[in-house]
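Trainee: Could you take me through this structure? I have a few short questions about it.
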Amino acid sequence: MRLLLVGYYGYRNWGDEGCLATLLQSLSPQSCTVLSGDPEFTHRTYGAWAVPRMAFRAVRQALREADGIVFGGGSLLQDATSMRSLLYYLTLIVAGLRARKPVWLVAQGMGPFRRPISRWWVRRVLNRLPEIRLRDEGSAHLLKRIGVQTPLRVDADLTWALSPRGTKSPPPTNKVIGLTPRAWKGWQVEPAFVALARALQHAGYQPLLIPMQESQDRPLCERIAQQSGAVVMAPPDHPATLLASLASLQAVVAMRLHGAIFALAQSVPTLCIAYDPKVNALAQQTQMPLIPSIDVEVLLSAWQAFAPQIPHLRETLPERTRPLRQKTLHMLEHLAQQIGLVYNTS
């Protein structure tokens, strides 16, 4: 059996790469074809065959050869990035259905859908599916609100089940605080994180800037480091390596969703910054502190309130995150069963 894996893969966004790595952890890489923005990187990193996601002739051929299509993780269906992105994924769903292939949407985050036409298209396409599996309750509420009647199942993000790779580093001499900033609209992200990094060093911590998407975050992290004296983490060779490296952190201040999930999965207390509803959903799932927006004063005040909570949060985090990992593992077992049913009847 051959599966076509669809997501925002190949762009070195370590959250989306982590979703792909988790799927391939459960499936045989040799039986999968991945639509990728960088097929060579994807093949080298995971051992799965990959084709360029925008080479439509190659995509059509991969679709024809596939026995089923898995849309794995991420916020694929949304129009905040662009209508083009939304239509790309909806078109692939429709193409799979027209080709009479089973289509599985797993651990999906939904929205936002800011345009009426977006909501209409999503409703029209998703109502043709037999089942949709989501990563949070907010996504389920959104789909119901726009009229999606397909049965919905709320699981958790795929990366909760990602296994760390490599030996965990020993606790550092200095207490290291991870920072995962991202540029966002008119927010004062850069000056706020510069001020926080300086405050952390003054308090005896070592701030470590962690680019969760290489193309977007690394330039921002390097500018923050130049102004504050913080260190920027080197690019990992695999999302599971990045996951393992976060275990020795004292805490994390995260804008990036998967910066937060990777840290929390390693029982590292995390202060979440809600630039998107998906971060709100994660903070609610894990009962982590959340701030709705940032400027210099807001971020410094939030850290001062968060720091005394770190020891208690570290003790209670394993109990809070265990159900999310179990949900993801059960979802992956269900997916494997569904794939097995298709394989046995094909």
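Mentor: Let us begin with a helix pair in this predicted model. Helix H4 (residues 83-98) packs with helix H5 (residues 116-126) at an angle of about 15°, and their axes are 10 Å apart.

Trainee: Are H4 and H5 roughly parallel or roughly antiparallel to each other?

Mentor: H4 and H5 are roughly parallel, because angles under 35 degrees count as such. Their crossing is left-handed.

Trainee: Which residues of H4 and H5 meet?

Mentor: From H4, Met83, Leu86, Leu90, Ile93 and Val94 take part. They meet Ile117, Ser118, Trp121, Val122, Val125 and Leu126 of H5.

Trainee: On to the loops. Where does proline 112 lie?

Mentor: Proline 112 lies in the loop between strand E5 (103-106) and H5. The peptide bond that joins glycine 111 to proline 112 is cis, with omega about 5°.

Trainee: And what is phi of arginine 100?

Mentor: Phi of arginine 100 is near 60°, a positive value in a residue other than glycine. Most residues other than glycine have a negative phi. Arginine 100 lies in the loop between H4 and E5, and this residue is exposed, with a relative accessible area of 77%.

Trainee: What about arginine 12: where does that one lie?

Mentor: Arginine 12 lies in the loop between strand E1 (3-6) and helix H1 (14-26). Phi of arginine 12 is also positive, near 60°. Arginine 12 is partly exposed, its relative accessible area being 27%.

Trainee: Changing topic, in what order do the six strands of the open sheet come?

Mentor: The order is E10-E9-E8-E11-E12-E13, with parallel pairing. Strands E10 (231-232) and E13 (290-291) stand at the edges; each has a single partner strand, so one side of each lacks a neighbour in the sheet.

Trainee: How many bridges join E8 to E9?

Mentor: Five bridges join strand E8 (residues 175-180) to E9. One pair of bridge partners is leucine 179 and leucine 209, the latter in E9. Four of the five residues of E9 (residues 205-209) are buried, so this strand is largely enclosed by the rest of the structure.

Trainee: And how many join E11 to E12?

Mentor: Three bridges join strand E11 (residues 251-254) to strand E12 (residues 270-273). Alanine 254 has cysteine 272 in E12 as its bridge partner.

Trainee: Last one: is threonine 45 buried or exposed?

Mentor: Threonine 45, in helix H2 (residues 39-46), is buried, with a relative accessible area of 13%. The side chain of threonine 45 reaches the backbone oxygen of phenylalanine 41 at 2.7 Å. Leaving aside neighbours within four places in sequence, threonine 45 is in contact with Asp237 and His238.

Key:
Residues numbered from 1 in each chain as written. Predicted model: local features only at pLDDT ≥ 70, side-chain atom pairs only at ≥ 80, totals over all residues. Heavy atoms only, no water. Helix = DSSP H or I, 4+ residues; strand = E, 2+ residues; numbered from the N terminus. Buried < 20%, exposed > 50% of the residue type's maximum accessible area, 1.4 Å probe, protein only. Polar contact = N/O pair within 3.5 Å; in protein donor to acceptor, adjacent residues only side chain to side chain. Contact = heavy atoms within 4.5 Å. Pairing = 2+ DSSP bridges. Axes fitted to C-alpha atoms, helices over the stretch in contact; angles between N-to-C directions. Parallel < 35°, antiparallel > 145°, perpendicular 65-115°, else oblique. Left-handed = near helix turned anticlockwise from the far one by under 90°.
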